[in-house]
Amino acid sequence: MVSSIRPVERFIDLEQLLQSTHTSSLVTFIRHNPKELKMGKINGCLKCLFVFFNTIYAVIGFGLIYLLAKVQTYNSQLSEVGAPSMAWVWVFAIGVFGISCLGIVAACSENLIALRIFAAFMGIGLIIMMICGIVAVVFKNKAREMYDNDSAEMAKAYMADEKSRGMLEELQETVHCCGVVSFEDWDKTIPDSCACYPASGQYECISRPKGSSGPDKIFKRSCSDALDIIGWINLIFQIMMGFCFGLAVTALLGLLVSIMMIHQVKRNDSGGGASMAMNDY
C-alpha cells in the first residue's frame, strides 16, 4: 500500500520543482530585462483608431498639396482674371498634412510633449473652425439683403459694357428672361431677346413699359431669378457651414482623444509603469 503511494508523491514533487524552477527563471528574466516586458502606455484600440483617422487626414492633406502643385502653373493666369490667392489654401493643406503626421508620431512614440502640442493644435483649430462657421451662418442670412442692395449697381456696370450687353442678349434668348435684375436694366430700349409669347403659356409675360420701345410682351422674370443666383449663393454658404462645423467636430474629437492619451501616459509614468511593477516583484 505504501509502495503504491510513493510514485505519486514523487511525481507531485517533480512537478512542484519544475514550477519552482520556471517561476524563479521568469523572475530572474524580468529583473535583468525590464525593457523587454514594458507594456504600452496608451490603450491599444484607442491608439489604432487615433492613428487610422490621422492617416486618412494625412492622405487628404497630401492630396491637396499635390493638386495645388498642379494648379500652381495656372496661378498667374487665374490672378489676371481676379481669382483669389491660393496662399490660404496652401496653408490649410500643409497644416492638415503636418498636424496629422504629428498626431501619428505622437501616438506611436507615446511622447507626452508631442501629444500636448497636437492637443493645442486641435484646440486652436476648433476655435478657428467655429468662428468661420458662425461667420458663414451670418453671411448666409444676409445674402439676400446684400444681393438686393448691390445687384442694381452691378447691373449698371454690366450694362455699360457693350460686350456684356451682347452676352446678356444671348442669355435672354436661352433661358427666357429679361434684364440682369429686371427689365428696367434696359432703360427705354428693350431688345427683341426679351420678347415673350403668351400663347405658349410656359413663361409669365407682362406688357412693355410705357414710353419704351421693343416687343409688346416681355418676360417678367429677370435672368438672376432664372439662373437662381441667390439659390447658388445659399448653397455655397451651406457647403462652407458644413465644411467648417464638420472640421470643428473632428477637431473636438481629436482634442478629447489626445487628452485621454495624455492622461494615460501621465498615469503610467506616475505609477512607475508595468515594467517597474514587475521588477519590484
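**Helix H6, a surface patch and the disulfides**

Helix H6 runs over residues 162-175, and its length works out nicely: at 1.5 Å a residue, its 14 residues should span 20 Å, and the C-alpha atoms at its ends are indeed 20 Å apart. Keep in mind that this is a predicted model. Ser-164, Leu-168, Gln-172 and Val-175 of H6 are buried. Looking down the helix axis, these buried residues fall within an arc of 90°, so they line one face of H6. Over on the other side of H6 sit Glu-162, Lys-163, Glu-170, Glu-173 and Thr-174, which are exposed. Right after H6 comes His-176, with a positive phi near 60°.

Next, the surface. Here a nonpolar patch is formed by Ile-127, Met-130, Ile-131, Ile-134, Val-135, Val-138, Phe-139 and Met-146, which together have about 670 Å² of accessible area. One of these residues, Val-138, belongs to helix H5 (residues 112-159). Val-138 has a relative accessibility of 38%, and because partly exposed covers values between 20% and 50%, that is how Val-138 is classed.

Now for the cysteines. A disulfide is a covalent bond between the sulfur atoms of two cysteines. The structure has 3 of them. In one, Cys-177 pairs with Cys-223, with the sulfur atoms 2.0 Å apart. This pair ties together distant parts of the chain, 46 residues apart: Cys-177 lies in the loop between H6 and strand E1 (205-207), while Cys-223 is in helix H7 (residues 223-227). The torsion about their S-S bond is about 80°, so this disulfide is right-handed. Cys-177 is buried, at 0% relative accessible area, and Cys-223 is buried too, at 3%.

Cys-178 and Cys-194 make another disulfide, with 2.2 Å between their sulfur atoms. Both cysteines are in the loop between H6 and E1, 16 residues apart. Here the torsion is about 90°, so this bond is also right-handed, and both Cys-178 and Cys-194 are buried.

The disulfide between Cys-196 and Cys-205 has its sulfur atoms 1.7 Å apart. Its torsion is about -50°, so it is left-handed. Cys-196 is buried, with a relative accessible area of 5%.

Counting the bonded cysteines along the chain gives the pattern 1-6, 2-3, 4-5. Cys-108 is in no disulfide, and the nearest cysteine sulfur, from Cys-48, is 8.8 Å away. Cys-132 is in no disulfide either; for this residue the nearest cysteine sulfur belongs to Cys-244, 4.9 Å away. Cys-132 is partly exposed, at 33% relative accessible area.

Methods. Residues are numbered from 1 along each chain as its sequence is written. This is a predicted model: local features need pLDDT of at least 70, side-chain atom pairs count only at pLDDT 80 or more; totals for chains, interfaces and linings use all residues. Side-chain values use heavy atoms; hydrogens and water are left out. Helices (H or I, at least four residues) and strands (E, at least two) are DSSP runs, numbered from the N terminus. The expected span of a helix is 1.5 Å times one less than its number of residues. Buried means under 20% relative accessible area, exposed over 50%, partly exposed in between (1.4 Å probe, protein chains only). The arc is that of the directions from the helix axis to the C-beta atoms. Patches are made of residues with over 30% relative accessible area and no salt bridge: like charges are joined within 9 Å, nonpolar side chains (Val, Leu, Ile, Met, Phe, Trp, Tyr) within 5 Å. Accessible areas come from the Shrake-Rupley method with a 1.4 Å probe; for residues, only the protein chains shown count as cover. A salt bridge is a side-chain nitrogen of Lys or Arg within 4 Å of a carboxyl oxygen of Asp or Glu. A disulfide is a pair of cysteine sulfur atoms within 2.5 Å.
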